[in-house]
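Reader: Please take me through this model. I want the reasoning behind each term.

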Amino acid sequence: MAFKPANSIQDLQYFGEFGGVNPSISDSSTYTFLSAKTMFDTFEGNADGCYLYSRHSSPSNLYLGEALAAMEGTETANVSASGMGAITPAILQLCKAESHIVTSRTIYGGTYAFFKNFTPKFNIKTSFVDITDLNAVEKAITENTKIIYCESVSNPLLEVADINGLSKIAKRHNLKLVVDNTFSPLSISPAILGADVVIHSLTKFINGTSDTVGGVVCGTQDFINELRNVNNGASMLLGATMDSLRAASVLKNLRTLHIRMQQHSKNALFLAGKFERDGLKTVYPGLKSHPSHDLFKSIMNEQYGFGGMLTIDVGSLKKANELMEMMQNKNLGYLAVSLGFYKTLFSAPGTSTSSEIPIEEQKAMGLTDGLIRFSIGLDADIDRTYYMMRECMVELNILDPLGRKIPV
Ligand SMILES: *Cc1c(COP(=O)(O)O)cnc(C)c1O
């Protein structure tokens, strides 16, 4: 039977203290014990259901974590104060000094910088590979390798990882497959496809209101317990804990994720099709021209579509900047990083979210100057949006007056 992530979220029911339809928020950093013995046992991790201190766990964070674990089909999950606050402890927990990581070379700029500039302090070395080339992935593995890391749909180039294939390689070499699923919540279920650990930046689609940063690590009970261990757990000790009030707020937004993802995907597919027909170089996994279109189709939970992210290339950074400024002036969206908002957001990744990646490497991975990354919003009238965007492109001589791409 097909995995139904939205059903799994919906079927979890928590009532508030007074029969509230939302769970009560636990507005406390610390918890009392009726006996000193129970406090000791809780420190030792032997008193299930007792709360100790909110950096370790809190009821509100557990509610949100359990809903996200249900969505990803993992045993449990641990929420954190940001996406990077989920990624970095998960990596550090799985590695020790001298460990080696094989990662996709097209990943979120912050994650890239962590592997490239930060983990080498602990002699942790990382090989950056083309994740769509399974042979290259397997060849990069050494005796010190602990992790294969990727994004299910990569930022910003929208490459799709063959999670099944990667999982087989990981199992063969006794490695953990860690997948960042931020770009494709509900559409792709990495754990069901064989990932050991699934991570999200909740900041993006899952929260969906661009009012906070947040993150989650979904995995086995054993792994999440390790992360939370008071003596050597990276999440516990590095301390990127989400606040309870915020966890309650993210949980409420999660309730509408399935509806939002359908609209993001529908709007993005519409615009991508139009842009491509106009002759613009368009990358969207829902287009037949996308190199991983068939792969995405074969692994997706169909009703959520191919996601809300697309890129176009308008030839130069200058044109990209002019277009983004004009679209913002016409209120078609905001010139802003991040994604998953009700409003369309656009940015030029080379000079913003991927600027951590050196120019030569950007070129090698196909990240061009004129690339604009769009997070398509929830526009009720996407047809109107398209015609207004096209007007901008005509005005800037990107398209001719008949709406055809002008060669550069
Ligand atoms: C934004 C993002 C992150 C980092 O999340 P924060 O919440 O900003 O810390 C990680 N991975 C991907 C794919 C992202 O888009």
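**Cavity and sheet**

Author: Strand 1 gives the most to the lining of the largest cavity, with four residues. The model is a predicted one.

Reader: What makes a residue part of that lining?

Author: A lining residue has an atom within 4 Å of a cavity point. For the largest cavity, 18 residues line the space. Arg55, His56, Asn78, Val79 and Thr241 lie nearest its centre. Helix 3 (59-72), strand 1 (76-80), helix 4 (84-94) and helix 9 (234-238) each supply at least two lining residues.

Reader: Why is the space called a cavity and not a pocket?

Author: A 1.4 Å probe fits in a cavity but cannot get out, whereas a pocket is open. Three cavities of 30 Å³ or more turn up in the whole structure. About 140 Å³ lies in the largest.

Reader: How many of its lining residues are nonpolar, polar and charged?

Author: Six are nonpolar, 10 polar and two charged. Gly counts as polar in this division.

Reader: Now the five-stranded sheet. Why do strand 8 and strand 10 count as edges?

Author: The order is 8-9-12-11-10, in an open sheet with mixed pairing. Strand 8 (281-283) and strand 10 (334-335) each have a single partner strand, so one side of each has no neighbour in the sheet.

Reader: How do you know that strand 8 pairs with strand 9?

Author: Pairing needs at least two bridges. Three bridges join strand 8 to strand 9 (residues 309-313), so they pair. The two run antiparallel. Thr282 stands opposite Ile312 in strand 9.

Reader: What lies across these two strands?

Author: Helix 11 (residues 257-277) does, running at about 15° to strand 9.

Key. Residues are numbered from 1 along each chain as its sequence is written. This is a predicted model: local features need pLDDT of at least 70, side-chain atom pairs count only at pLDDT 80 or more; totals for chains, interfaces and linings use all residues. Side-chain values use heavy atoms; hydrogens and water are left out. Contact means heavy atoms within 4.5 Å. Axes are lines fitted to C-alpha atoms, for helices over the stretch in contact, and angles run from 0 to 180 degrees between N-to-C directions. On a 1 Å grid over the protein atoms alone, a cavity is a set of points where a 1.4 Å probe fits but cannot get out, and a pocket is an open set with protein on both sides within 12 Å along at least five of seven lines; lining residues have an atom within 4 Å of a point. Grid points are joined across faces, edges and corners, and a volume is the space filled by probe spheres set on the points.
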